[in-house]
Amino acid sequence: MTIKVTCINGSPRPRGVTSRFLEICERAVNQSSEEMEIHTLIPSKKKVMPCTHCDSCIETGYCAFKDKDDVQNMYDVINDSDLLYIGTPVYFAGAPGAFKSFIDRAQVFWNRRYVRREEIPVRISRAIVVATCGSRGKSMFDGLFQTMYYFLDSLGIKLLRERDMLAYRRMEQPDDIKAEVAQQVELFVREAAQAIAKEKRPFQKGKK
Ligand SMILES: Cc1cc2nc3c(=O)[nH]c(=O)nc-3n(C[C@H](O)[C@H](O)[C@H](O)COP(=O)(O)O)c2cc1C
């Protein structure tokens with residue numbers, strides 16, 4: 001049984017804090033005793049047309065930009081995963097632009113699920129989020145985490161535990177990630193992967 005982990009890097013910054021956290025995530029995945037496969041998606045490096053509220057997805061169940069950019073392919077990768085890891089910085093109390101445009105395109109799933117009342121089978125069951133910001137601001141993650149909840153809900157992915165979203169303040173540079181924080185994230189990813197493996201195991205047993 002191979003567990004497919006998809007990582008979204010919400011930051012447009014190469015070699016930034018989020019990229020460093022993704023390296024930590026990859027290490028945790030690679031060291032796991034479970035068989036794992038990891039894919040990384042970086043919306044800022046892809047062609048992502050912004051949602052224009054054309055309502056095509058309400059009428060047809062498909063996005064008007066479906067064949068015009070890279071978004072559909074990225075959602076296909078996510079929907080074929082077991083675990084979604086979202087790493088993102090806070091930009092003006094929300095998600096960075098390209099990542100937010102990518103999130104807005106999940107409207108097609110929201111409309112299919114809640115307006116068209118379609119049953120959308122989902123393979124992926126769990127997501128974890130690691131978010132960072134530069135300031136000490138107490139409420140700095142509130143807007144981003146609200147966005148994450150509704151984004152994941154549109155994809156039919158549940159955050160099973162409150163602590164599936166980690167938030168780290170005062171992170172301007174990758175070296176601001178202290179060893180204990182790196183360990184926390186590594187453990188966090190490993191635990192999530194183990195939880196997925198446990199969920200999938202009884203399922204596998206019955207299979208010939
Ligand atoms: C355009 C922009 C907007 C930002 N907005 C905020 C903000 O609203 N609050 C905050 O605390 N930090 C803010 N930051 C700082 C980043 O969230 C922080 O440095 C983050 O850890 C950088 O992660 P990265 O290196 O992965 O991009 C902002 C940075 C940029 C470039």
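Which residue of β5 does V129 stand opposite? V129 faces M165 in β5, and the points below place this pair in the wider arrangement of strands and helices. The model under discussion is a predicted one.

1. **Strand β1 and its setting.** Strand β1 covers residues 2–9. Six of these eight residues are buried, so the strand is largely enclosed by the rest of the structure. On one side of the pairing scheme, β1 is joined to strand β2 (residues 35–41) in the parallel sense, over seven bridges. T2 and E35 stand opposite each other in this pairing. To pass from β1 to β2 the chain goes through helix α1 (residues 17–31), and the resulting β-α-β crossover is right-handed.

2. **From β1 to β3.** Strand β1 also runs parallel to strand β3 (residues 83–89), with five bridges between them. Here N9 is the residue that stands opposite G87 in β3.

3. **Strand β4 as a buried element.** Is strand β4 (residues 126–132) largely enclosed or not enclosed? Seven of its seven residues are buried, so β4 is largely enclosed by the rest of the structure. The burial concerns both faces of the strand. One side carries R126, I128, V130 and T132, while the other carries A127, V129 and A131. The student should note that R126 belongs to this buried set.

4. **The partners of β4.** Strand β4 pairs with β3 in the parallel sense over seven bridges, and R126 is the bridge partner of L83. Strand β4 also pairs with strand β5 (residues 165–168), again in the parallel sense, over four bridges. The pair formed by V129 and M165, with which this note opened, belongs to β4 and β5.

5. **The buried face of helix α4.** Helix α4 spans residues 97–104, and its buried residues are F99, K100, F102 and I103. Viewed down the helix axis, these residues fall within an arc of 155 degrees, so they line one face of α4. An α-helix has 3.6 residues a turn, so residues three or four places apart point the same way. Among the elements that cover the buried residues of α4 are α3 (71–79), β3 and α6 (142–155).

6. **The buried face of helix α5.** In helix α5 the residues V108, F109 and N111 are buried. Seen along the axis of α5, they lie within an arc of 165 degrees, so these residues also line one face of their helix. Their cover includes α2 and α6. After α5 comes R117, which has a positive phi near 55 degrees.

7. **R123 in the loop before β4.** R123 is located in the loop between α5 (107–115) and β4. Is R123 buried or exposed? R123 is exposed, because 11 other C-beta atoms lie within 10 Å, and a residue counts as exposed if that number is 12 or fewer. When residues up to four places away in sequence are left out, R123 touches N79, D80 and D82. K46 is 77 residues from R123 along the chain, and the C-alpha atoms of the two are separated by 24 Å.

8. **Two residues with positive phi that are not glycines.** D55 has a positive phi of about 70 degrees although it is not a glycine. D55 belongs to the loop between β2 and α2 (56–60), and with 12 C-beta neighbours inside 10 Å it counts as exposed. A93, likewise not a glycine, has a positive phi of about 65 degrees. The position of A93 is in the loop between β3 and α4. A93 is partly exposed, with 14 other C-beta atoms within 10 Å.

9. **G143 and the loop that holds A93.** G143 lies in helix α6 and is partly exposed, with 14 other C-beta atoms within 10 Å. With its neighbours within four places in sequence set aside, G143 is in contact with A93 and G94. G143 and F92 are 51 residues apart in sequence, while their C-alpha atoms are 9.4 Å apart in space.

10. **The surroundings of the ligand.** How many residues surround the ligand? There are 18 of them, and the closest are G16, T18, P89, C133 and G134. By class, this shell consists of nine nonpolar, seven polar and two charged residues.

Key. Residues are numbered from 1 along each chain as its sequence is written. This is a predicted model: local features need pLDDT of at least 70, side-chain atom pairs count only at pLDDT 80 or more; totals for chains, interfaces and linings use all residues. A residue is near a molecule or strand if its C-beta atom, placed from the backbone, lies within 6 Å of it. Ala, Val, Leu, Ile, Met, Phe, Trp, Tyr, Cys and Pro count as nonpolar, Asp, Glu, Lys and Arg as charged, and the others, Gly among them, as polar. A residue is buried if 20 or more other C-beta atoms lie within 10 Å of its own, exposed if 12 or fewer, and partly exposed in between; C-beta atoms are placed from the backbone. Helices (H or I, at least four residues) and strands (E, at least two) are DSSP runs, numbered from the N terminus. Two strands pair if DSSP finds at least two bridges between them. A crossover is right-handed if, with the strands pointing away from the viewer, the path from the first strand over the helix to the second runs clockwise. The arc is that of the directions from the helix axis to the C-beta atoms. Two residues are in contact if their C-beta atoms, placed from the backbone, lie within 7 Å.
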